[in-house]
Amino acid sequence: MDGRKFAEEWIHSWNTHNLEDILSHYSDDIEITTPMIKLALGVDNGSLKGKDLVADYWQKALNKLPDLHFELYDVTVGVNSVALYYKSVMNKKAIEVMFFDEYGKVNKMFAHYTG
C-alpha cells in the first residue's frame, strides 16, 4: 500500500468538502473514535460506528466549518494501517491512525489532537 498516495487523496477529499468522495475511503462498518465526537455530540466514548452515522456527523461538521482545510505534514505506514500527521481544524495538529480491511477501505480510525 502506498501510504503517501492514500494520504494525499484523503487530504484532497476533505479539502474539496465532497462527502461522497470522503466516504469512498471507508468501509460500511467504519468505526471512528475522536475527541471531536465527544465535544460535538456529547457521546461519552467518542465513537461512532457505521457509515450512515459517520456520514451524518461529517456532513454536520462540513456545514459548520465551511473553511475546513487540512495540510499534510507526514505519513507513517504500519501493518494494514497508516498514521497521518496533519494540520486540522482550529489550527490543531492531528494524528489519525487508520486501519484497513481486506478491500483496502478504512474500517477503524482513531484521531488525536493537540491542545
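**Note on helix H4 and the largest pocket**

1. On one side of helix H4, Asp 52, Leu 53, Asn 63 and Lys 64 are exposed. The model is a predicted one, and the points below concern H4, the pocket it helps to line, and two individual residues, Tyr 113 and Lys 51.

2. The buried residues of H4 are Val 54, Ala 55, Tyr 57, Trp 58 and Leu 62. Viewed along the helix axis, these buried residues fall within an arc of 165°, so they line one face of H4. The exposed set, Asp 52, Leu 53, Asn 63 and Lys 64, is on the other side.

3. As to its dimensions, H4 is built from 14 residues. From first C-alpha to last it reaches 20 Å, close to the 20 Å expected at 1.5 Å a residue.

4. The largest pocket holds about 470 Å³ of space. Its lining has 23 residues, and those that lie nearest its centre are Met 36, Tyr 57, Ala 61, Leu 65 and Val 89. Tyr 57 also appears among the buried residues of H4.

5. Which elements give two or more residues to the lining of the largest pocket? They are helix H1 (3–16), helix H3 (35–41), helix H4 (51–64) and strand S6 (106–113). H4 gives the most, with five residues.

6. By residue class, the lining of the largest pocket divides into 18 nonpolar, two polar and three charged residues.

7. Tyr 113 belongs to strand S6, an element that gives two or more residues to the pocket lining. Is Tyr 113 buried, partly exposed or exposed? Its relative accessible area is 24%, and buried means under 20%, so Tyr 113 counts as partly exposed.

8. The contacts of Tyr 113, leaving out residues up to four places away in sequence, are Thr 34, Pro 35, Met 36, Tyr 86, Ser 88, Lys 92, Lys 93, Ala 94 and Glu 96. Met 36 is also one of the residues that lie nearest the centre of the largest pocket. Tyr 113 and Ile 95 are 18 residues apart in sequence, while their C-alpha atoms are 6.5 Å apart in space.

9. Lys 51 is found in H4. Not counting residues up to four places away in sequence, Lys 51 touches Leu 23, Tyr 26, Ser 27, Asp 28 and Ile 30. Leu 84 is 33 residues from Lys 51 along the chain, and 21 Å separates the two C-alpha atoms.

Conventions. Residues numbered from 1 in each chain as written. Predicted model: local features only at pLDDT ≥ 70, side-chain atom pairs only at ≥ 80, totals over all residues. Heavy atoms only, no water. 1 Å grid on protein atoms, 1.4 Å probe; cavity = no way out; pocket = protein on both sides within 12 Å on 5 of 7 lines; lining within 4 Å. Points joined across faces, edges and corners; volume = space filled by probe spheres on them. Helix = DSSP H or I, 4+ residues; strand = E, 2+ residues; numbered from the N terminus. Nonpolar A, V, L, I, M, F, W, Y, C, P; charged D, E, K, R; others polar. Expected span 1.5 Å × (residues − 1). Buried < 20%, exposed > 50% of the residue type's maximum accessible area, 1.4 Å probe, protein only. Arc of directions from axis to C-beta. Contact = heavy atoms within 4.5 Å.
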